[in-house]
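Student: I would like to go through the labels used for this structure and see what each one rests on. Where should we start?

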Amino acid sequence: MHMQLVTIMQFIHVLAVYLVMSLVLPAILFYRKLKKERLPVRIMMYISIGNIYMVSLVMLVSLVYILLARIGLPVTAPQGDIPKIQLTTTINRIVYTALLVLTCITVKLYQNTIPFRGAVSHVFDYLWKITTRTIGLKSTLVHVVLWLWRSLKHVFSHIKKLLLAHPIELFFLTGVCVLLALVYGRDMIEILGYRASDISVHQYWTNSIDRNLPLVDGVYPFGAHAAMFYLHIIFNIDTAILFRVFAYVQTATFFLILVLFVRCLCKSKFIVYAGLFAVLAGRGFSGGAGVDMRYFATLPQEYGMIFLLPSVYFLMRFFYLRRQEVGTGTLQLEKILKVSKELVERRVKKPKKEKPLEDREQSENKKNVKPKALVTSFNPSKPFGLFKRKKKKSDYEALMEELTVEAEENYTQEVSYEEDITDTKELLGEVSSYEEEVIHEEPEFDEWEELDKRIKTREERRSRRTEARRYRKERRIFLMSQQSFLYLVLFAVDFSLTISAHFYTGIIAAVFFVGVALSYILRVFDKAYFGRLVAGGIGGLAIAAVPLVVAFMLGTPLQGSLTWAMGVMGVDSKPAVSAPSEGGNKGKNIVIDMSKVVDTTGDSDSGVAAPAKNSSVVTKVTKGVVNAGKKVIGGIVGTGKGFVNFFAHPLDQEVIVKLKNCLRGGMNTALQTDKFGNLIFLSIYGLLVFGLVFRLLGDMEYGAAMVATGVFLLLLTFDLDPNATHMPRVMELSRICSYYYYVLAIPFAFCADAILSLLLLPFKKRRWKKWILHTASAICVLITIIYMSNTGHVKDFSKPAREVAFVSVSNGEIACVAKIRKEETSYNWTIVSAFEAMRLLDGYGYHHELVDFLGEMEGSRSDSSLYIPTKKVYFFMEKRPIIYEYTNNPDRSRISEEEASKSFPGMGFASYKYKNRVILMSKMYFWAQQFRTMYPDALQVYYEDDEFVCYVIEQNTSNLYNFSIDYGFNGKSSSTSQIDEIFVR
């Protein structure tokens, strides 16, 4: 089957399982709870619930494995231990599947208010009837099939009604999906390899979770890795497939989230599609090698962007609903609860009236009643019947039983009258002597009074505790019944997901929260809001940070990328990192200045933190708090100066010119830079102005949303050029531009929606106002599409994506590895290739790195021995080496004798980059030709296309080939052969 068709089928599979976990399953479980919400809001809620479940569950189980490994239990599986790896995979699949089933059952029972004990008893009863053939197996299957058919029929009827009710929106939404497929989906089919250099590292971390080695490289936010691992372990999808095709899944998801976000905040239905078409299809920003280059790769930062806008919307919605709760008087119940608590305390402090003697005796008799006996019989169909108590007897039955026992005793005992008199006299004598002793003794009243006081104090405390528990329960039920509480919880959930995915996304979310706080500044510090906001923020941080803090306290060191965060706090940012150097010092501990590293290919996550002591790290962090405070104060002052400069000058002044230049250079804008720059700044000004206008007109929430978005975009714009705006640089320019491009459709849509709303403001009380507004927004979308098409502002979609693409694994390597894994036995073969192909083989075969293979033959080492002890060895060579770095020059050189004659590029990571890669592949080709000359029947072509070739050698494991030969370009002079015709095609 063609690899492109296989990729499409793999994408459909991954998309289906992700939708099941993040949308379908939460919708089934929580539809009753959330059915009152609007459909766009429900979709964002379902996605948040599904993802937090996957991420949190993997984090908790990972912490358990870390703790078990810490106490010495052998729960981890080393890299080469195949049986143990298979065992851990099987156990993890069983554990996570069982937890998923248990969670679904628990949620449904709680939603339907069905007692768990009764449900289990009912299941046992039904199974007992099946085993005893009271109910036939065929009847049971018929009932199950009919239930499934009714459920599916009900679901499809709802979907049909939904589609028929919104035909115009369905048309525009289909257009967005087609546009996303043209911009990002086609690239997934044309380029099968990884689109970032560090995806292999993320895949290694994900595979390590499967071997019960979470955080294998140190403490790092691994929310994206947890989600990938969950899909892998539950649905048995290989991680290599996930990291290849999930990029388009997450990109399409966060763009559809953008549609839902604007759709929920705008007054018109369709205006969001105009802004989205302008950004995605417009030539203002170049696709493929521009600001959206990271969207083509499965990276944690882009996974966290799914939850950026939902967290902001839930926060805005909390302010809106909380205002209604405060204004309409629903807080009176809280005041009543507080007053009732005070009354309870006063009532408890009052002395209690003593009960009559008869009542006290009755209460003491009740305390001394023996517990009722349990039923000893057991019915298999009713397993909980063992714990049922006996039926209570009536007073008449109890009295008759007591008289019967007494009569039997009197009848069996034969005691004479004289003996009874004697016993009675002796008993009276003992009583009289005891009374005389008691009368002559002096009573100790002090001890009795003290004891009585203690008893009363204990009773008071007990009653207070009971009343306090009752009050807390009522208050908790009241808070959970409030709608704002639900949105606050969802805000904390999405905020935690942004942080757990990547701390950069958490920073951008925090900047957006600052904009929301400034737009609601009069409410933030109100006591009805402030405490809940603080609780929500701390809760979101705790959900993401507590697992990492616990892992750090258990002895796991910090990962190298977290030195950035320590540098922001003023901590030393030069840790010893074990990484391959660029000058041949591979495998040694070298010092890397993380503050000077600018990541242009992916996340700078491949470093491994040195095993420093946790106490020293904590000391450095605590020392950096003071510096962090100074930086925060300086950042606030700089932000204020930036705001003053921005509003003090018109659009054509120096600050705006610098920001335009930053847009041109940082966001890699294309031909329409000036026009798009003016349009961007006009839309930002429009957000602030329209927001203030609508707030004055009384539409507080709509105006506040516009002001919050405007402030957020201003802060991002200021950080594009910190030198001009005196803002502190929070992250690399390429990262900021990635977020900037994502939210760019929001100001365009908001401004157009505000203009339409103002034009229809005189017809506020007319019934047909909404219909006119929606129709006008649809016309605006069509006008935008027609204008962009006629004026030539649409991207050239016919241009192949591979010409401007960054690739780390070629299409031939992907197809060849898939063929090898299908035909060969696991761990019976070795592949000699570049570094990135290593992760394609995890759990299947061995890998030998290309620079190590050729380095063993360089210079004086060419006489050494090089053996690979597997039955088959595959050699990967690229005829046209791939572009292993971002470049504006799409030309790709072919391998040649001239390139092979150049000096060896070294043993570091830089040897795989563009120019050095051509040298390596040229040397590898001439090695293969020389080896074929020496052993004509050994080296065979296994796979070949126009840009890639794979050779295979089958050897006897008891008599291995020595691959260290003199091939003419490894420092020794010899005759060179010409390039074969297959490389000239």
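Tutor: With the exposure classes: buried means under 20% relative accessible area, exposed means over 50%, and partly exposed lies in between. Keep in mind that this is a predicted model.

Student: Why is Ile521 called partly exposed?

Tutor: Its relative accessibility is 42%. Buried requires under 20% and exposed over 50%, so Ile521 counts as partly exposed. Ile521 is found in helix 20.

Student: What makes Ile521 eligible for a nonpolar surface patch?

Tutor: A patch residue needs over 30% relative accessible area and no salt bridge, and Ile521 has 42%. The patch covers about 800 Å² and is made by Val514, Leu518, Ile521, Leu522, Phe525, Phe530, Val534 and Ile538. Helix 19 (503–519), helix 20 (521–524) and helix 21 (527–553) are the elements that give two or more residues to the patch. Helix 21 gives the most, with three residues.

Student: How do you know that Lys267 and Asp699 form a salt bridge?

Tutor: The cut-off is a side-chain nitrogen of Lys or Arg within 4 Å of a carboxyl oxygen of Asp or Glu. The closest N and O atoms of Lys267 and Asp699 are 2.6 Å apart, so the pair qualifies. Lys267 is in the loop between helix 9 (239–265) and helix 10 (271–281), while Asp699 is in the loop between helix 25 (673–696) and helix 26 (700–720), 432 residues apart. Lys267 is partly exposed at 33% relative accessibility, and Asp699 is partly exposed at 25%.

Student: Which residues does the salt bridge of Glu701 involve, and are they buried or exposed?

Tutor: Glu701 pairs with Arg523, with the closest N and O atoms 2.9 Å apart. Glu701 lies in helix 26 and Arg523 in helix 20, so the bridge ties together parts 178 residues apart in sequence. Both Glu701 and Arg523 are buried. Salt bridges that share partners join Arg323, Arg523 and Glu701 into one network.

Student: Why is Lys879 called buried, and what is the class of its partner Glu944?

Tutor: Lys879 forms a salt bridge with Glu944, the closest N and O atoms being 2.9 Å apart. Lys879 has 1% relative accessibility, so it counts as buried, whereas Glu944 has 30% and counts as partly exposed.

Student: What makes helix 28 largely enclosed by the rest of the structure?

Tutor: Helix 28 (residues 733–742) has 10 residues and eight of them are buried, so the description follows. The buried residues are Arg735, Ile736, Cys737, Ser738, Tyr739, Tyr740, Tyr741 and Tyr742.

Student: Where does Tyr742 stand in the largest nonpolar core?

Tutor: That core has 195 residues, and those with the most contacts inside it are Tyr184, Tyr230, Phe255, Tyr303 and Tyr742. Helix 9 gives the most to the core, with 18 residues. Leaving out residues up to four places away in sequence, Tyr742 touches Phe254, Phe255, Ile257, Leu258, Tyr295, Met305, Leu308 and Leu309. A second, separate core of 33 residues includes Leu866, Leu920, Tyr925 and Phe926.

Student: How do you know that the span of helix 3 is close to what is expected?

Tutor: Helix 3 (residues 82–111) has 30 residues, and 1.5 Å a residue gives an expected 44 Å. From first C-alpha to last it reaches 43 Å, which is close to that value.

How values were computed:
Residues are numbered from 1 along each chain as its sequence is written. This is a predicted model: local features need pLDDT of at least 70, side-chain atom pairs count only at pLDDT 80 or more; totals for chains, interfaces and linings use all residues. Side-chain values use heavy atoms; hydrogens and water are left out. Patches are made of residues with over 30% relative accessible area and no salt bridge: like charges are joined within 9 Å, nonpolar side chains (Val, Leu, Ile, Met, Phe, Trp, Tyr) within 5 Å. Accessible areas come from the Shrake-Rupley method with a 1.4 Å probe; for residues, only the protein chains shown count as cover. Helices (H or I, at least four residues) and strands (E, at least two) are DSSP runs, numbered from the N terminus. Buried means under 20% relative accessible area, exposed over 50%, partly exposed in between (1.4 Å probe, protein chains only). The expected span of a helix is 1.5 Å times one less than its number of residues. A nonpolar core is a set of buried Ala, Val, Leu, Ile, Met, Phe, Trp, Tyr and Cys residues joined through side-chain atoms within 4.5 Å. Contact means heavy atoms within 4.5 Å.
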